[in-house]
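Grab the model, open your viewer and work through these exercises. Each one comes with a solution that goes step by step.

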Amino acid sequence: MPELFRAAKAATMIPGAPVIHDAAIVVHQGIIREVGTHADLAPAFSGTTTDLGDVTLAPGLVNAHSHLELAHLRGVCPSGRGFVTWVEDLLAQPIFDLDPDLLDAALDELKRTGTVMVGDIATRFAKRMAGELEASGLFFRVFTEAIGEALPKKTFIPAGDFRNGALSVAGHSLYTTHVDVLRAAKAEASARNLPFSLHLAEHDDEVAIMAGEPSAFLDLLQARGRLLDFAPPKKRPVQQAADLRLLDPTTLAVHCVKVTDRDIETVRDSGATICLCPRSNEYIGVGRAPWEKWLASGTPLCLGTDSLASNTDLDLWNEAAYLKEHFNGELGLEDLLATITRTPANILGAGGELGTLEPGKRAAFSIVPQKISECYQ
Ligand SMILES: [Zn+2]
């Protein structure tokens with residue numbers, strides 16, 4: 001039987017559409033059939049009506065960047081001590097000892113806080129994580145992370161047939177993943193019409209390593225037998241990514257903290273989307289991305305929580321509230337909501353099903369919490 005949901009407001013996130021007051025959304029068989037005002041839709045409607053009251057409805061949230069493999073590491077790496085110390089702390093942990101109960105708790109936290117889809121990075125257990133996400137009912141894109149020097153024998157992307165998601169491939173970073181591996185990973189994602197992701201310009205050591213300057217992090221990696229014959233490109237990270245042809249409209253570049261004005265133009269002109277992880281950057285102590293410049297540039301922006309090894313929770317509303325609170329100048333409700341709904345749904349290839357409230361899409365809603373909505377009254 002069709003259901004009608006009534007709410008004081010609905011932010012449909014259809015580009016340019018105003019917030020609907022006294023809104024109604026008609027749903028049937030899990031799909032949105034009609035969106036409009038209660039006055040327009042109620043007279044012709046027959047079915048069950050649920051009045052949600054004085055709330056603002058928004059599309060279900062999309063977390064553009066997480067590492068659910070690290071769900072068992074909540075709170076174990078101290079915060080604010082810089083990237084190198086954070087990695088040392090992380091590497092001292094049992095990184096690949098997944099804890100099913102803590103993974104379940106993380107999945108529950110995502111769902112409880114309005115998230116309906118995640119773009120998740122999997123370093124070792126991509127297929128298993130996709131299976132866990134499928135079982136949870138969340139939509140997903142699981143990126144198998146390409147790292148190191150070796151090209152896989154056949155394919156980066158494991159076979160897998162899922163109802164609510166798909167697998168793709170991400171590069172770990174410009175220095176931990178060999179340039180040939182990065183190029184091949186990007187080529188495979190493009191050939192299969194899948195999104196590609198890459199951690200980019202996250203911290204000062206990345207800039208130093210790319211430039212061929214001294215870096216405590218490079219020392220740490222080399223002491224562990226990694227990057228022993230690394231040849232620095234002597235370029236800024238964004239320029240290196242552009243020169244390797246890793247940036248295009250199907251790429252999600254994550255972090256983008258250490259960027260110049262010219263880097264921002266380069267990314268914007270490439271058509272790539274970026275994912276900001278403000279609380280992770282603060283937790284690790286790498287500084288903060290120039291959010292205001294990114295927004296002004298017109299580059300499509302997403303928000304991600306990153307992993308529980310560098311964040312206190314996976315609640316995207318907390319991520320959005322943090323950005324709003326620390327943003328200098330105007331950050332409108334549509335721009336803020338776009339980073340956790342429409343833009344990540346589009347770059348993760350789910351724009352036909354999620355990201356906006358409009359007929360034909362999944363009936364996946366979230367409710368804007370008061371701490372956000374009161375900023376816009
Ligand atoms: Zn990450």
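**Exercise 1. Find the residue in β10 that is the bridge partner of Val169, then work out the surroundings of β9.**

Start with the pair itself: in this predicted model, Val169 has Phe196 as its bridge partner in β10. Now widen the view to the two strands. β9 and β10 (residues 196-200) run parallel, joined by three bridges. Next, look at how the chain gets across: β9, helix α5 (residues 179-191) and β10 form a β-α-β unit, and its hand is right.

Then turn to β8 (residues 139-146). Seven bridges tie β8 to β9, again in the parallel sense. One place to check this is Phe143, whose bridge partner in β9 is Ser168.

Last step: is β9 mostly buried or exposed? Of the seven residues in β9 (residues 165-171), six are buried, so the strand is largely enclosed by the rest of the structure.

**Exercise 2. Identify the residues that touch the most other members of the largest nonpolar core, and say where the core comes from.**

The core has 111 residues, and the ones with the most contacts to other members are Ile25, Met117 and Ala253. Which element gives the largest share? That's strand β2 (residues 20-28), with six residues. As for domains, domain 1 (3-59 + 364-376) and domain 2 (61-347) each put at least three residues into this core. As background, nonpolar side chains in soluble globular proteins tend to be buried together.

Now zoom in on Ala253. Skip its neighbours within four places in sequence, and its contacts are Leu198, Leu200, Ala241, Leu247, Val267, Ala272 and Ile274.

**Exercise 3. Describe how domain 1 and domain 2 meet, and which strands pair on the domain 1 side.**

First, get the bounds. The domain assignment gives domain 1 as 3-59 + 364-376 and domain 2 as 61-347. Their C-alpha centres are 32 Å apart. At the contact, twelve residues of domain 1 meet twelve residues of domain 2. On the domain 1 side, the elements giving two or more residues are β5 (56-59), β14 (365-367) and α15 (370-373).

Next, follow β5 through its pairings. With β1 (residues 3-10), β5 pairs in the parallel sense over two bridges, and Ala10 sits opposite Leu57 there. With β14, β5 runs antiparallel, and three bridges join them. In that pairing Ala58 stands opposite Ser366.

**Exercise 4. Track down Gln29 and Lys234, residues with a positive phi that are not glycine.**

Begin with Gln29. Its phi is about 50°, and it isn't a glycine. You'll find Gln29 in the loop between β2 and β3 (31-37). Is Gln29 buried or exposed? Count C-beta neighbours inside 10 Å: there are 8, and the cut-off for exposed is 12 or fewer, so Gln29 counts as exposed.

Do the same for Lys234. Here phi is near 55°, and the residue lies in the loop between α7 (216-223) and α8 (237-243). Lys234 has 11 other C-beta atoms within 10 Å, and it is exposed.

**Exercise 5. Place Arg128 in the fold and classify how exposed it is.**

Arg128 belongs to helix α4 (residues 126-136). Its neighbour count is 15 C-beta atoms inside 10 Å. That falls between the limits of 12 or fewer for exposed and 20 or more for buried, so Arg128 counts as partly exposed. For a distance check, pick Asn346, which is 218 residues away from Arg128 along the chain; their C-alpha atoms are separated by 24 Å.

**Exercise 6. Sum up the protein chain as a whole: its elements, its dimensions and its burial.**

Count the elements first: 15 helices and 14 strands. The radius of gyration is 21 Å, close to the 21 Å from the globule rule for 377 residues, so the chain is as compact as a globular protein of that length. Along its principal axes, the C-alpha trace spans about 70 × 45 × 40 Å.

For burial, 47% of the 377 residues are buried. Finally, take the contacts between residues at least 6 apart in sequence: 71% of them join residues at least 24 apart.

Technical notes. Residues are numbered from 1 along each chain as its sequence is written. This is a predicted model: local features need pLDDT of at least 70, side-chain atom pairs count only at pLDDT 80 or more; totals for chains, interfaces and linings use all residues. Helices (H or I, at least four residues) and strands (E, at least two) are DSSP runs, numbered from the N terminus. The radius of gyration is taken over C-alpha atoms; the globule rule is 2.2 Å times the number of residues to the power 0.38. Two residues are in contact if their C-beta atoms, placed from the backbone, lie within 7 Å. Two strands pair if DSSP finds at least two bridges between them. A crossover is right-handed if, with the strands pointing away from the viewer, the path from the first strand over the helix to the second runs clockwise. A nonpolar core is a set of buried Ala, Val, Leu, Ile, Met, Phe, Trp, Tyr and Cys residues joined through C-beta atoms within 7 Å. Domain bounds come from an automatic or database domain assignment.
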